[in-house]
Amino acid sequence: MTTTESVSPTALGSGTAATDKFKGERATSDTSPERLAAIARDALSALHAVILEHGVTYPEYRVFKQWLIDVGEGGEWPLFLDVFIEHAVEEVLASSRKGTKGSIEGPYYVPDAPELPAECELPMRTEDREQTPLVFSGQITDLDGNGLGGAKIELWHADAEGFYSQFAPHLPEWNLRGIIIADTEGRYSIRTIQPAPYRIPTDGPTGAFITAQNGHPWRPAHLHLIVSAPGREPVTTQLYFRGGEWIDSDVASATKPELILDPVTGDDGVNRVTYDFALDPA
Ligand code: BEZ
Ligand code: FE
């Protein structure tokens, strides 16, 4: 079996892949010029206030400049922003929603994964079959609990060593990724494996930033999902595992109590859990 000792994707490798994928779809927004000006002004003022409060010196300013250059050259902006900034943007979105809680998307989503039926197994390697199986079932409903025909779950997660396909060169393209088409009542049952906690690559400038704060680089084990249905707001979210390591100290500040699964291990060694999603109207 592959081990973290033998395979260790670098910050540069996974950062460059994440940057290339993000650049593939040029970001746009319909922000008005007035709103943009106000946000830009306030962001600068907040930074100026930190500089004045801490009496930042010229050598420190130059180190900061160098670090910003290093983040860009290492392709680490998607990584850095999704660890330290995205959760606040998600909080803004969550404040207008009543249905299932959202969480950050992170840098490792890839669109157009293979479509799978409502009862399915995610694509996985032979090695992955040696890991703890997880059967994850439930229903996608509206806010009143009515099942939603035409609902879909885009699911992606790390393997048992914490690696994501397409961001770690040793993994097949669609490993542990799929788009599950729920049945006519929005029900699904997916067989996969228990993911491992994820460690942010520490050999680049994001790692240096974490070390500088005496922080740790870990995210608790999680599943990523985008759940959607016709006429409903899609929700981008994550599900975690009760008692999982790092659940109370996620480096990306993206856990929520409503998003914690409690799987039960059967006599057959399979972990089983159900989770239902409620989608807001569009
Ligand atoms: C993740 O969920 O895998 C993730 C989130 C933020 C930064 C890096 C990874
Ligand atoms: Fe993740």
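Below, two people talk through a predicted model, from its metal site to its pockets.

Colleague: Let's start with the metal. Which residues coordinate the iron ion (ligand 2)?
Modeller: The donors follow the spacing Y-x57-H-x1-H along the chain. They sit at 1.8 to 2.0 Å from the iron ion (ligand 2). By atom, they are Tyr164 (OH), His222 (NE2) and His224 (NE2).

Colleague: How many residues apart are Tyr164 and His224?
Modeller: Tyr164 belongs to the loop between strand E4 (152–157) and E5, while His224 is in strand E9 (residues 222–228). The pair links distant parts of the chain. The separation is 60 residues.

Colleague: And are Tyr164 and His224 buried or exposed?
Modeller: The cut-off here is under 20% relative accessible area for buried and over 50% for exposed. Tyr164 and His224 both get the same label: buried.

Colleague: Now the sheet. What is the order of the strands in the open sheet of six strands?
Modeller: The pairing in this sheet is mixed. E9 and E10 pair in the antiparallel sense, whereas E10 and E11 pair in the parallel sense. Read across, the order is E1-E5-E4-E9-E10-E11.

Colleague: Which strands stand at the edges?
Modeller: Look for strands with a single partner strand, so that one side is left without a neighbour in the sheet. That picks out strand E1 (115–116) and strand E11 (260–261).

Colleague: Staying with E1, which residue in E5 is the bridge partner of Glu115?
Modeller: E1 and strand E5 (residues 177–181) run parallel and are joined by two bridges. For Glu115, the partner in E5 is Ile179.

Colleague: Back to E9. Which residue in E10 stands opposite His222?
Modeller: His222 is one of the iron donors, through NE2. E9 pairs with E10 over six bridges. Across from His222 in E10 is Tyr240.

Colleague: Which residue in the turn between E9 and E10 has a positive phi?
Modeller: E9 and E10 form a hairpin, with six residues between them. In that turn, a phi of about 75° belongs to Gly231.

Colleague: How many of the seven residues of E10 are buried?
Modeller: E10 pairs with E9 over six bridges and with E11 over two, with Phe241 opposite Leu261 in E11. E10 is largely enclosed by the rest of the structure, because the buried residues number six of the seven.

Colleague: Salt bridges next. Which residue forms a salt bridge with Glu90?
Modeller: The count comes to eleven salt bridges. Glu90 lies in helix H5 and its partner in the loop between strand E10 (235–241) and E11, so the pair ties together parts that are 166 residues apart in sequence. Glu90 is buried at 9% relative accessible area, and the partner counts as buried too, at 17%. With the closest N and O atoms 2.8 Å apart, that partner is Lys256.

Colleague: And which residue pairs with Arg272?
Modeller: Here both ends are partly exposed: Arg272 has a relative accessible area of 39%, and its partner has 49%. The closest N and O atoms are 2.7 Å apart, and the partner is Asp268.

Colleague: Which residues do salt bridges that share partners join into one network?
Modeller: One link is the salt bridge between Asp128 and Arg125, at 3.1 Å from N to O. Asp128 and Arg125 are both buried. The network as a whole is Arg125, Glu127, Asp128 and Asp159.

Colleague: On to the pockets. Which helix gives the largest share of the lining of the largest pocket?
Modeller: This pocket has a volume of about 1100 Å³, and its lining of 29 residues has Phe22, Asp82, Glu86, Glu105 and Gly106 nearest the centre. Helix H1 (11–24), helix H4 (77–84) and helix H5 (86–94) each supply at least two lining residues. The largest share, five residues, comes from H1.

Colleague: How many nonpolar residues does the lining of the second largest pocket have?
Modeller: About 760 Å³ of space lies in this one, and Leu47, Val50, Phe64, Trp67 and Phe209 lie nearest its centre. The largest pocket's lining divides into 14 nonpolar, seven polar and eight charged residues. The lining of the second largest pocket has one charged residue and two polar ones, and its nonpolar count is 17.

How values were computed: Residues numbered from 1 in each chain as written. Chains lettered and ligands numbered in written order. Predicted model: local features only at pLDDT ≥ 70, side-chain atom pairs only at ≥ 80, totals over all residues. Heavy atoms only, no water. 1 Å grid on protein atoms, 1.4 Å probe; cavity = no way out; pocket = protein on both sides within 12 Å on 5 of 7 lines; lining within 4 Å. Points joined across faces, edges and corners; volume = space filled by probe spheres on them. Helix = DSSP H or I, 4+ residues; strand = E, 2+ residues; numbered from the N terminus. Nonpolar A, V, L, I, M, F, W, Y, C, P; charged D, E, K, R; others polar. Pairing = 2+ DSSP bridges. Donors = N, O, S within 2.8 Å, 3.2 Å for Na, K, Ca; no water. Buried < 20%, exposed > 50% of the residue type's maximum accessible area, 1.4 Å probe, protein only. Salt bridge = Lys/Arg side-chain N within 4 Å of Asp/Glu carboxyl O.
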